[in-house]
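Visitor: I am new to this structure and would like to be guided through it step by step. Could you show it to me before we begin?

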Amino acid sequence: MNQPPVPARRVLLAAPRGFCAGVDRAVTAVEKALEQFGAPIYVRHEIVHNKYVVRTLQDKGAIFVEATAEVPAGSIVMFSAHGVAPRVRAEAAERGLTTIDATCPLVTKVHKEAVRYAEEEYDILLIGHEGHEEVIGTSGEAPDHITLIGGPEDAANVTVRDESKVVWLSQTTLSVDETMGTVDALKTRFPLLLSPPSDDICYATQNRQTGVKELAAQCELVIVVGSLNSSNSVRMVEVALQAGAPAAYLVDNADGIDATWLREVRTVGLTSGASAPESLVDGVLERLAELGYRDVGTVRTADETITFSLPHELRRDLRAEASGRTRGAPHTA
Ligand code: 0CM
Ligand code: SF4
């Protein structure tokens, strides 16, 4: 008797995936700064939350620090894509450091919203993860007006000065569905709660979550390439599981793949977080091919055309400005 044919093993690659416009801008900014001013360039916090990106830039001469106090006087320091509180800018200025700001413009947009609502005397309920660099930066814009909301459970206990003047804002890299659940809980508590003028969760986070939901529907296993401290990447794994994927894992690179995950798996979904370089996805594809998954298809759920110009400090006529300075510094904070 003829055996039924074994269905081919295949990979479905999500599109879009990987670098967003803000990450591309920030990583390029470090590279350009190294080219223009030479090593070392100090970077406050990981420029983006990806181990490989950080290591590669370290090899080129970037030095990553967690505080401006660690940067030697007279040096250049770049702020990461996640943004900084005004206090950090002030400290850099006090220390005479030269700064380049690689904060993603979509994070800056949230900072501006926070400043505006605080000026209008709103209480701001900032939905986000405690301790995340972006949340620390945004909260620092108006610490007296901002309360951090970690999830729906926080809605019950939060207090505000005037229930008719409350607005919610959010971290840019949260789960869209979870955030809407938190907003619903807050609205039950504060019926007059105002929403941000436009989505705070950025286009790249949203698109990658839509993509991973599609993979979850079509695959028995979803692999997300990204680092453990990357909020948007971790959310993608959670979204895949919530969308019904039987299994989903985050891996930094091909070495993170455990062949036992693939038992009984015909279709593997593969995608990557906004801070994960495409070369790491290529490495995972090679590993999967070795394991018998050579047929690769694409599932496209959005087109991304957005790009951001480089930080203005890198677009100025630096030669002229550099005269009289020891290293050709772009901007003193
Ligand atoms: O915010 P998150 O932890 O996802 O950061 P990331 O560096 O992984 O991704 C890009 C960004 C921002 C802001
Ligand atoms: Fe900007 Fe979104 Fe990318 Fe963060 S994930 S750097 S907010 S585009």
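Visitor: In which loop does Glu121 lie?

Guide: A word on the basis comes before the answer: this is a predicted model, in which local features need pLDDT of at least 70 and side-chain atom pairs count only at pLDDT 80 or more, while totals for chains, interfaces and linings use all residues. Residues are numbered from 1 along each chain as its sequence is written, chains are lettered from A and ligands numbered from 1 in the order in which they are written, and side-chain values use heavy atoms, with hydrogens and water left out. Helices (H or I, at least four residues) and strands (E, at least two) are DSSP runs, numbered from the N terminus. On that footing, Glu121 lies in the loop between α4 (105–119) and β6 (123–127).

Visitor: What is the phi of Glu121 near?

Guide: Glu121 is a residue other than glycine, and its phi nevertheless has a positive value. The phi of Glu121 is near 65°.

Visitor: Is Glu121 buried or partly exposed, and at what relative accessibility?

Guide: Buried means under 20% relative accessible area, exposed means over 50%, and partly exposed is in between, with a 1.4 Å probe and protein chains only. Glu121 therefore counts as partly exposed, its relative accessibility being 42%.

Visitor: Where is His45, and is it buried or exposed?

Guide: His45 has its place in the loop between β2 and α2 (51–60), and although His45 is not a glycine, its phi is positive, at about 75°. Because its relative accessibility is 10%, His45 counts as buried.

Visitor: Which kind of aromatic pair do Tyr117 and Tyr122 form?

Guide: A search of the whole structure finds two aromatic pairs, where rings of Phe, Tyr and Trp (its six-membered ring) pair if their centres lie within 6.5 Å, and planes under 30 degrees apart count as stacked, over 60 as edge-to-face and the rest as tilted. Tyr117 and Tyr122 are 5.3 Å apart centre to centre, with 75° between the planes, and the pair is edge-to-face.

Visitor: Why is the pair of Tyr249 and Trp261 stacked?

Guide: Tyr249 belongs to strand β10 (residues 248–251) and Trp261 to the loop between β10 and β11 (267–272), 12 residues apart, and the pair links distant parts of the chain. The ring centres of Tyr249 and Trp261 are 3.8 Å apart, and the pair is stacked because the planes are at 5°.

Visitor: Over the face of which residue does Arg116 lie?

Guide: A charge sits over a ring if NZ of Lys or CZ of Arg is within 6 Å of the ring centre and within 35 degrees of the ring normal. Arg116 is at 4.7 Å from the ring centre, and the residue over whose face it lies is Tyr117.

Visitor: How many residues of the shell around ligand 2 are nonpolar?

Guide: The residues around ligand 2, counted if one of their heavy atoms lies within 4 Å of it, include Cys20, Val23, Leu106 and Thr172. Ala, Val, Leu, Ile, Met, Phe, Trp, Tyr, Cys and Pro count as nonpolar, Asp, Glu, Lys and Arg as charged, and the others, Gly among them, as polar. The shell around ligand 2 has no charged residues, three polar ones and, among the nonpolar, seven.

Visitor: Which residue does a cis peptide bond join to Ala15?

Guide: The residue in question has its place in the loop between β1 (10–15) and α1 (21–37). With omega about 0°, the cis bond joins Ala15 to Pro16.
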